[in-house]
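Open the model in your viewer and keep the sequence panel beside it. The stops below can be selected one after another.

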Amino acid sequence: MHESMQKGIIMRGVGGLFGVRLFPLTSGDELLLCRARGSFRHDKITPLPGDLVRIERDSDAPAVDDGKTASFVIDEILPRRNALIRPPLANLTHLFLVIPAARPAPDLKTADKLIAIAESANIEPIILVTKQDLDESSADAIAAIYRSAGFTVITLSASDPESVETLRKFIGSLAAAETSVTAAFAGASGAGKSTMMSKLFPDLTIKTGEISRRAERGRQTTRHVELHPFEQNENVCLIADTPGFSILDFTRFNFFDPADLTSAFREFRPHIGDCRYTKCTHTKEEGCAILDAVHRGEITKERHDSYLEILTEMKKKPDWKRRKEESRT
Ligand SMILES: Nc1nc2c(ncn2[C@@H]2O[C@H](COP(=O)(O)OP(=O)(O)OP(=O)(O)O)[C@@H](O)[C@H]2O)c(=O)[nH]1
Ligand SMILES: [Mg+2]
Ligand SMILES: [Zn+2]
């Protein structure tokens with residue numbers, strides 16, 4: 001490695017300008033503004049928040065840092081553990097799926113799509129059921145579905161400091177147990193991601209939105225992905241707020257290999273290989289071990305319905321199209 005090169009993590013990237021923190025992370029470090037080497041664009045690689053990179057002082061940059069111009073350049077992106085298209089993030093270890101108990105109505109199918117994407121990328125999903133104060137029985141029902149599937153579930157109300165403290169402690173325990181924990185809050189627009197982020201990071205000014213206003217304008221409050229260092233008991237991890245998504249369309253995007261769909265539902269895994277037919281699609285076949293588990297109540301109908309929806313979307317897309325897109329990414 002060149003003497004002048006330093007290792008860093010991309011915290012955010014907006015309009016070709018990247019905010020990078022030096023690695024290993026220390027508290028109080030400023031964000032270094034970087035541009036990406038032209039060769040990345042040529043190779044069609046986009047540096048993502050979460051990327052571990054090598055940076056170097058930009059010899060073309062003005063001598064005085066004006067806070068708007070990049071004074072460093074990203075030379076190299078180190079090998080990724082994973083990368084997501086939506087939300088655009090690299091090297092995630094955990095994904096907090098934020099599902100509201102009400103307002104907006106919980107959309108479990110979309111949440112399950114994102115959970116399946118996370119599972120197939122080897123990212124641990126954690127379920128946060130928010131807005132418990134608005135509908136406690138809905139919150140309990142959602143929590144039960146995901147606990148039964150084997151996930152860690154935390155139920156919260158932004159107005160209840162105790163539930164926020166539970167989340168803070170949980171994230172602290174993750175940071176203490178593992179190095180380089182990189183997590184993101186993801187979920188529908190209006191679910192309460194930014195509200196929860198601002199409770200965890202009281203010093204940050206994070207914009208949160210009014211549901212009704214957003215619905216009128218038809219856009220999200222949070223527009224960009226940005227990682228923030230979360231510190232507790234000398235452990236540091238990174239957490240990102242992300243813009244809410246409305247659709248994850250498996251007919252258009254190649255989020256993961258269709259062959260991995262069954263194992264992307266963790267509660268299906270113990271039954272894989274037990275079906276009567278080796279090519280069982282677990283939709284209506286006789287002797288299907290997964291359908292049997294649904295009938296016995298070991299797999300919830302909601303999760304199996306989400307599986308069926310993704311399967312249908314994946315089938316709509318011809319194989320040749322899928323392969324073509326794969327070769328481009
Ligand atoms: N009653 C109640 N309202 C909440 C809770 N959490 C968030 N809200 C409200 O829900 C609205 C949307 O919250 P945001 O945090 O902006 O939602 P978001 O998920 O960041 O939305 P996007 O940035 O558009 O993706 C705000 O008006 C919040 O005050 C909660 O626990 N209970
Ligand atoms: Mg937001
Ligand atoms: Zn089956």
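**Parallel strands and their crossovers**

Begin with strand 8 and strand 9, which run parallel and are joined by 7 bridges. Keep in mind throughout that this is a predicted model. To see one point of contact, select Leu97 and then Ile127 in strand 9, its bridge partner. Next, follow the chain between the two strands: from strand 8 it passes through helix 2 (residues 108–120) to strand 9, a β-α-β crossover that is right-handed.

Now select strand 9 alone, residues 124–130. Of its 7 residues, 6 are buried, so the strand is largely enclosed by the rest of the structure.

Move on to strand 10 (residues 153–155), which runs parallel to strand 9 and is joined to it by 3 bridges. Here the residues to pick are Leu128 and its bridge partner in strand 10, Ile154. The link between these strands can be traced as well: strand 9, helix 3 (residues 136–148) and strand 10 form a β-α-β unit that is right-handed.

**Strand 5 and its partners**

Select residues 72–77, which make up strand 5. Because 5 of its 6 residues are buried, strand 5 is largely enclosed by the rest of the structure.

Which way does strand 3 run relative to strand 5, parallel or antiparallel? Strand 3 (residues 32–36) is parallel to strand 5, with 3 bridges joining them. Show Arg35 together with Val73, its bridge partner in strand 5.

Then add strand 4 (residues 52–57), which pairs with strand 5 over 5 bridges in the antiparallel sense. In this pairing, Arg57 stands opposite Phe72 of strand 5.

**Aromatic rings**

Switch to side chains for the next stop. The structure holds 7 aromatic pairs. One of them joins Phe96 and Phe170, whose rings are edge-to-face, with 6.4 Å centre to centre and 85° between the planes. Phe96 belongs to strand 8 (residues 94–100) and Phe170 to helix 4 (residues 161–177), so their pair ties together parts that lie 74 residues apart in sequence. Phe96 is buried, at a relative accessible area of 0%. Add Phe185 to the selection: Phe96, Phe170 and Phe185 form one aromatic cluster.

For another ring arrangement, select Phe265 and Phe268. Their ring centres are 5.1 Å apart and their planes meet at 25°, so this pair is stacked. Phe265 is buried, its relative accessible area being 0%, and Phe268 also counts as buried, at 0% relative accessibility.

**The zinc site**

Finish at the zinc ion (ligand 3). Which residues supply its protein donors? They are Cys275 (SG), Cys280 (SG), His282 (ND1) and Cys288 (SG), at 2.1 to 2.4 Å from the ion. Along the chain, these donors follow the spacing C-x4-C-x1-H-x5-C.

Turn on angle labels at the ion. The 4 donor atoms subtend angles of 102 to 113°, which makes the arrangement around the zinc ion (ligand 3) tetrahedral. For reference, the ideal angle for four tetrahedral donors is 109.5 degrees.

Colour the site by accessibility to end the tour. Cys280 and His282 are both buried; for Cys280 the relative accessible area is 11%. Cys288 counts as buried too, at 1% relative accessibility. How many disulfides does the model contain? The count comes to 0.

How values were computed. Residues numbered from 1 in each chain as written. Chains lettered and ligands numbered in written order. Predicted model: local features only at pLDDT ≥ 70, side-chain atom pairs only at ≥ 80, totals over all residues. Heavy atoms only, no water. Phe/Tyr/Trp six-rings, centres within 6.5 Å; stacked < 30°, edge-to-face > 60°. Helix = DSSP H or I, 4+ residues; strand = E, 2+ residues; numbered from the N terminus. Buried < 20%, exposed > 50% of the residue type's maximum accessible area, 1.4 Å probe, protein only. Donors = N, O, S within 2.8 Å, 3.2 Å for Na, K, Ca; no water. Tetrahedral: all angles 85-135°; square planar, octahedral: opposite > 155°, others 65-115°. Pairing = 2+ DSSP bridges. Right-handed = clockwise from strand over helix to strand, strands pointing away. Disulfide = S-S within 2.5 Å.
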